[in-house]
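Got your viewer open? Let's take a walk through this one, a few selections at a time.

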Amino acid sequence: MMYLVGVLVTVLAITPRPPTPFGVSPISIDLPNPPAAKLAAFFYNEALEDAVNVTAPRLESPEALAVHPASTRGDPVLVAFGTRGMMHELRPLSDSSRVVPEPDAVPGAASSEAAPLECQFKTLAAKYLPNGTLLAANAPLGLVRVDQTHGECRQTVLTDSVTATGERIFWAGGLDVAPDGTVYFSDSSDLNIDPAHDPRDRFFDEVVPDGRYVGLMEGKPRGKILKFSPDTGITEALLRDVHHPLGVALAPDASFLLFAEHYKLRIQKLHLTGPLAGQLETFAHLPGPPHGLSRSPSSNTFWVAIPTVNPSIYLALARWPSVRRWLAMLPARYRELGPERGTAVVRLDAEGRVVGSLQARPGKANPVSEVLEWGGAVFL
């Protein structure tokens with residue numbers, strides 16, 4: 001079998017290259033080869049399979065989580081953004097309530113029947129400020145403020161472009177807020193699959209599936225790390241040419257910023273203050289592409305969500321752009337590359353060392369896109 005796969009890869013690699021969709025040109029991806037000692041803590045376990053589902057049935061494919069500042073240790077109030085922008089408010093540890101009812105709900109009605117709010121497009125990360133303001137990284141709107149008024153979700157765009165250059169923020173993917181209110185967030189890609197049309201017109205039907213898949217097959221560093229000052233309204237690009245950055249997390253004192261470099265299977269560290277300000281270094285190598293990233297409120301550690309552990313086909317094709325050029329042309333129904341893989345959550349200390357991991361076998365848990373610690377519990 002492996003011989004046949006090798007023959008197929010060789011044939012595709014030497015076959016004249018077809019035109020790729022959306023004008024992309026795949027490149028060779030130089031993935032890191034971390035020392036075995038760095039991956040020792042990832043040795044197999046099944047701890048994630050013991051996770052308990054505490055959500056309402058209506059919550060489908062959530063990708064962003066945030067905890068309200070009014071939450072108590074025994075009764076956290078969470079907001080989750082799911083499929084097609086649906087926003088749910090949850091009280092996951094309450095026996096009598098699993099979904100926060102709308103303000104105009106009938107008194108005494110079961111809160112699990114409360115309808116979620118329909119927000120525009122796709123929220124990939126969310127964060128509450130201490131005053132209760134909810135910020136969200138939204139594709140393709142940019143950085144937005146989310147207000148819940150009379151059963152409606154209202155999104156106010158705070159920034160949708162880089163101030164100095166006018167570059168459009170197309171795929172805001174993660175955010176965190178410094179003590180002074182400065183917002184640090186990621187823009188995963190500038191790939192617009194149809195420049196002749198507004199991407200919002202066909203966002204869920206074409207932009208999401210095609211943009212993500214073709215971007216993966218292309219392998220180019222199209223992302224940015226951004227900084228937004230609410231006092232001045234200025235949005236600054238701190239880094240460019242990043243490989244699909246997603247989750248971001250600040251140090252407690254905002255001295256550095258961590259961000260998940262999805263296509264490179266690693267967490268990067270950008271120094272923000274001190275003599276190393278502006279310098280970039282690799283914080284941790286991972287056994288799969290990282291997605292969500294958050295700081296633990298109880299210790300100086302960081303949580304990382306890894307939707308797919310050891311994506312063998314992707315790793316094998318990293319240095320075969322000619323093969324990925326062919327794969328980029330596949331219809332959506334043929335895009336599952338390789339067998340189903342497991343999922344994992346990893347905990348890193350302040351030096352990037354693995355201090356714990358929770359893993360699940362293929363088919364035993366849904367891919368984890370976000371991880372959030374609150375009140376002694378971890379929510380996924």
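Start by selecting Phe170 and Trp171: both are buried, where buried means under 20% relative accessible area, exposed means over 50% and partly exposed is in between, using a 1.4 Å probe and protein chains only. Before you go on, remember that this is a predicted model, in which local features need pLDDT of at least 70, side-chain atom pairs count only at pLDDT 80 or more, and totals for chains, interfaces and linings use all residues. Residues are numbered from 1 along each chain as its sequence is written, and side-chain values use heavy atoms, with hydrogens and water left out.

**Ring pairs**

Rings of Phe, Tyr and Trp (its six-membered ring) pair if their centres lie within 6.5 Å; planes under 30 degrees apart are stacked, over 60 edge-to-face, and the rest tilted. How many aromatic pairs does that rule give? The count is 3. In your current selection, the centres of the Phe170 and Trp171 rings are 5.7 Å apart and the planes sit at 50 degrees, so this pair is tilted.

Now pick Phe283 and Phe302. Their ring centres are 6.2 Å apart with planes at 85 degrees, so this one is edge-to-face. It ties together distant parts of the chain, with Phe283 in strand S16 and Phe302 in strand S18, 19 residues apart; strands (E, at least two residues) and helices (H or I, at least four) are DSSP runs numbered from the N terminus. Phe283 counts as buried at 5% relative accessibility, and Phe302 does too, at 0%.

Add Phe256, and you have a cluster: ring pairs link Phe256, Phe283 and Phe302.

**The core**

Next, select Leu258. Outside its neighbours within four places in sequence, Leu258 is in contact (heavy atoms within 4.5 Å) with residues including Val248, Ile267, Phe283, Leu293 and Phe302. Leu258 is also among the residues that touch the most other members of the largest nonpolar core, which has 18 residues. Such a core is a set of buried Ala, Val, Leu, Ile, Met, Phe, Trp, Tyr and Cys residues joined through side-chain atoms within 4.5 Å. Strands S14 (256-261), S16 (280-285), S18 (302-306) and S19 (343-348) each give two or more residues to this core.

For a last stop, which residues can you select in the second, separate core? Try Val79, Phe81, Ala136 and Cys153, which are among its 16 residues.
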